[in-house]
Amino acid sequence: MPAVLGLEGSANKVGAGIVRDGRILSNRRETFVTPPGSGFAPGPTGRHHRRVLLDLISGALSDAGLGPRDLDAIAFTRGPGMGAPLAVVAVVARALAQLWELPLVGVNHCVGHIEMGRLLGEARDPVVLYVSGGNTQVLCFSRCRYRILGETLDLALGNCLDRYALQRPQPWLQHRAPGSQAVTPKLLESGEATAEDLCFSLQETAFAMVAEVAERALALAGAQELLLVGGVACNQRLQEMLRTMCSARGARLCPIDERYCVDNGAMIAQAGWEMLRVGQVTALSDSGVTQRYRTDEVEVTWRD
Ligand code: MG
């Protein structure tokens, strides 16, 4: 019964979790919180992770009632994500793997979300909608890869909503859509719309767009299950829209567990457990992190 320690730290969350044969034994996490209205920069985020990661790991081991000798591998996020935070986690993973003489498993962050979703959502072969602060992708499994059917490359859905809500609509819209730069201030000045109206409208439109792409993907793949993963999966309005879309076409929206939608160590452990099972381990010399690591680069040999 292999037990895998998973370490995550690709953005402002840093976590350590342990999974053994489909059971989550522990899942510790800390978030780097910045003042309202400001984002998180790579340098300070990496320093935050460096301060807390060792305590998270010892906490995860004690929650699971395990010692280093009980572990069978150390999984860590190789990418995608922010450089400095990724590097901090990788350094710790490499050091512990050598110290404890354990194999290292480099995990794609997006694949971590999908494998955790598959475990908890009990989905056999779902279409996956992955929406978070850093990623927006619609995926399905085909010929040993999670194929990307649709994605955003400039701005992820979660980041879009955050920027719009936090930095006031006007500068962001002006920057993104020069042709419509006068619309938002005019609506606000004339009292035709409040800032809340505009935020709500953006959210409705953005969610409707991903719901439509997800529906097209379900039709294309002939799939009956939709798996929603990533931090934005916690949004109840998005869940409601997707549930309505799924039930209209006789499909099912897999259950969402908010504890594991947000970035966490257990999801990296779960993907690492699957990879270890098929011998997909990472050599020390090949364990560098990569900020751009596409979901469809990973050969998914643990599924048929
Ligand atoms: Mg994520």
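In this predicted model, His-48 touches Val-14, Glu-30, Thr-31 and Phe-32, once residues up to four places away in sequence are set aside. His-48 itself belongs to helix 1, which covers residues 42-64. With a relative accessible area of just 8%, His-48 counts as buried, because the cut-off for that label is under 20%. Two of the elements that come up again below also hold partners of His-48: strand 2 runs over 13-20 and strand 3 over 23-31, and the partners include Val-14 and Glu-30.

Zooming out, the protein chain is built from 10 helices and 10 strands. Its radius of gyration is 20 Å, close to the 19 Å that the globule rule gives for 304 residues, so the chain is as compact as a globular protein of that length. Laid along the principal axes, the C-alpha atoms fill a box of roughly 65 × 45 × 30 Å. Buried residues account for 51% of the 304 in the chain. Contacts tell a story about the fold too: counting those with a separation of 6 or more, 74% join residues that sit 24 or more positions apart.

What about the outside? The protein chain exposes about 14200 Å², and carbon and sulfur atoms supply 50% of that area. As for charge, there are 30 positive and 32 negative charges, and the mean positions of the two sets are 3 Å apart.

Next comes the metal site. The magnesium ion has four residues listed as its protein donors: His-109 and His-113, each through NE2, Tyr-130 through OH, and Asp-263 through OD. These donors lie 2.2 to 2.7 Å from the ion. Read along the sequence, the donor residues follow the spacing H-x3-H-x16-Y-x132-D. One pair among them links distant parts of the chain: His-109 is in helix 3 (residues 109-121) and Tyr-130 is in strand 6 (residues 127-131), 21 residues apart. Both His-109 and Tyr-130 are buried.

A few spots in the backbone also deserve a look. The peptide bond leading from Gly-79 to Pro-80 is cis, with omega near -5 degrees. Pro-80 sits in the loop that joins strand 4 (73-79) to helix 2 (83-99). Asp-21 has a phi near 45 degrees, which is a positive value in a residue other than glycine. Asp-21 is part of the loop between strand 2 and strand 3, and its relative accessibility of 29% makes it partly exposed.

Cys-144 shows a positive phi as well, near 65 degrees, and again the residue is not glycine. The loop that holds Cys-144 connects strand 7 (136-142) with strand 8 (145-151). At 29% relative accessibility, Cys-144 is classed as partly exposed.

Cys-144 also leads to the far end of the numbering. Thr-301 and Cys-144 are 157 residues apart in sequence, but their C-alpha atoms are 6.0 Å apart in space. Thr-301 lies in the segment after helix 10 (265-277). Leaving aside neighbours within four places in sequence, Thr-301 is in contact with Val-278 and Gln-280. Its relative accessible area is 39%, so Thr-301 is partly exposed, a label for values between 20% and 50%.

Technical notes:
Residues are numbered from 1 along each chain as its sequence is written. This is a predicted model: local features need pLDDT of at least 70, side-chain atom pairs count only at pLDDT 80 or more; totals for chains, interfaces and linings use all residues. Side-chain values use heavy atoms; hydrogens and water are left out. Helices (H or I, at least four residues) and strands (E, at least two) are DSSP runs, numbered from the N terminus. The radius of gyration is taken over C-alpha atoms; the globule rule is 2.2 Å times the number of residues to the power 0.38. Buried means under 20% relative accessible area, exposed over 50%, partly exposed in between (1.4 Å probe, protein chains only). Contact means heavy atoms within 4.5 Å. Accessible areas come from the Shrake-Rupley method with a 1.4 Å probe; for residues, only the protein chains shown count as cover. Lys and Arg count as positive and Asp and Glu as negative; His and the chain ends are not counted. The place of a charge is taken as NZ of Lys, CZ of Arg, CG of Asp or CD of Glu. Donors are N, O and S atoms within 2.8 Å of the metal (3.2 Å for Na, K and Ca); water is not among the atoms, so sites may look incomplete.
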